[in-house]
Amino acid sequence: MPRMEFTRQTRKKIENVGYMETLKKDNGTELYIYGDIVSAESDRWSAEDVCPQSISDFLQSIEKDEDITLYVNSGGGDVFAGIGIYNILQRHTGKITGIVEGLAASIASVILMACDTIEIAKGAQIMIHKPLTFGYGNADDFTKIVDKLDKCQQMITDIYMTKVLPDVTREQIEAAINAETWFNTEEAAQLFDIQQDDNMEALAACTTDYMLARYRNIPKDLKVQNAGTEEAKRAAEKEKNKILEDLFLYGTR
């Protein structure tokens, strides 16, 4: 199973902030993006653009028209890495089904828009907001930064508009972006062309305290789980399935 670890460099250590993995099945391929989206675009990250490149390498390793199910549970991350992932997925000719298992926040919600169909688990959330950055310099430098942020917001607004319902206006989406809006399943379905999956319960948001600290309107009832904890849970589930398969193989029920 191909697996890509995402890390973040701090002053004291390299911290694991999530992972992406793929699982091959008879009816297509499952792709998981859990934790924070990282890229070499910012010196706050140490993954050196591994996320976009790894997804590109993965798509080149499968059939061009192969169906993919993309599971998302992410608090966001580097905006340019996320837009890169969106464009890479857009070039894939097979059908992509996106499923929000817990949280698709910030640039993770933009990546989600690359999917042909989108499903949200009961209790899961989507968040959209204005792009954020750090700045240093004089007034001219900050003017350039503001200009880049404005262009970035126009770009992600264009992407969101590809998945809105017919009667939803650009002004509505821009207002939601400016306000940092958190949507539950019912609210998201009022703006975006998505499906609610009432048979699937949401997982805890798989992200880091560092990522959530950047946001202003975090829901009080948002359940957060460290990427490493989610990883352990998934590993335990795979081990359980392996044991059941062995019991079946040897005729034990």
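How many of the 253 residues of the chain, in per cent, count as buried? The share is 48%, where buried means under 20% relative accessible area with a 1.4 Å probe, protein chains only. This is a predicted model in which local features need pLDDT of at least 70 and side-chain atom pairs count only at pLDDT 80 or more, while totals for chains, interfaces and linings use all residues. Residues are numbered from 1 along each chain as its sequence is written, and side-chain values use heavy atoms, with hydrogens and water left out.

**View 1. Helix H4, residues 139–161.** Helices are DSSP runs (H or I, at least four residues) numbered from the N terminus, as are strands (E, at least two). The 23 residues of H4 should span 33 Å at 1.5 Å a residue (1.5 Å times one less than the number of residues). Its end C-alpha atoms are 33 Å apart, which agrees.

**View 2. Buried residues of H4.** These are Cys152, Gln153, Ile156, Thr157, Ile159 and Tyr160. Their cover includes helix H2 (79–90), helix H3 (107–112), strand E7 (125–128) and H5.

**View 3. Packing of H4 on H5 (residues 170–178).** The two helices pack at about 125°, with axes 10 Å apart; axes are lines fitted to C-alpha atoms over the stretch in contact, and angles run from 0 to 180 degrees between N-to-C directions. That makes H4 oblique to H5 (not under 35, over 145 or 65 to 115 degrees).

**View 4. Residues at the contact of H4 with H5.** Gln153, Gln154, Thr157, Asp158, Tyr160 and Met161 of H4 meet Arg170, Ile173, Glu174, Ile177 and Asn178 of H5, contact being heavy atoms within 4.5 Å.

Note on methods. Buried < 20%, exposed > 50% of the residue type's maximum accessible area, 1.4 Å probe, protein only.
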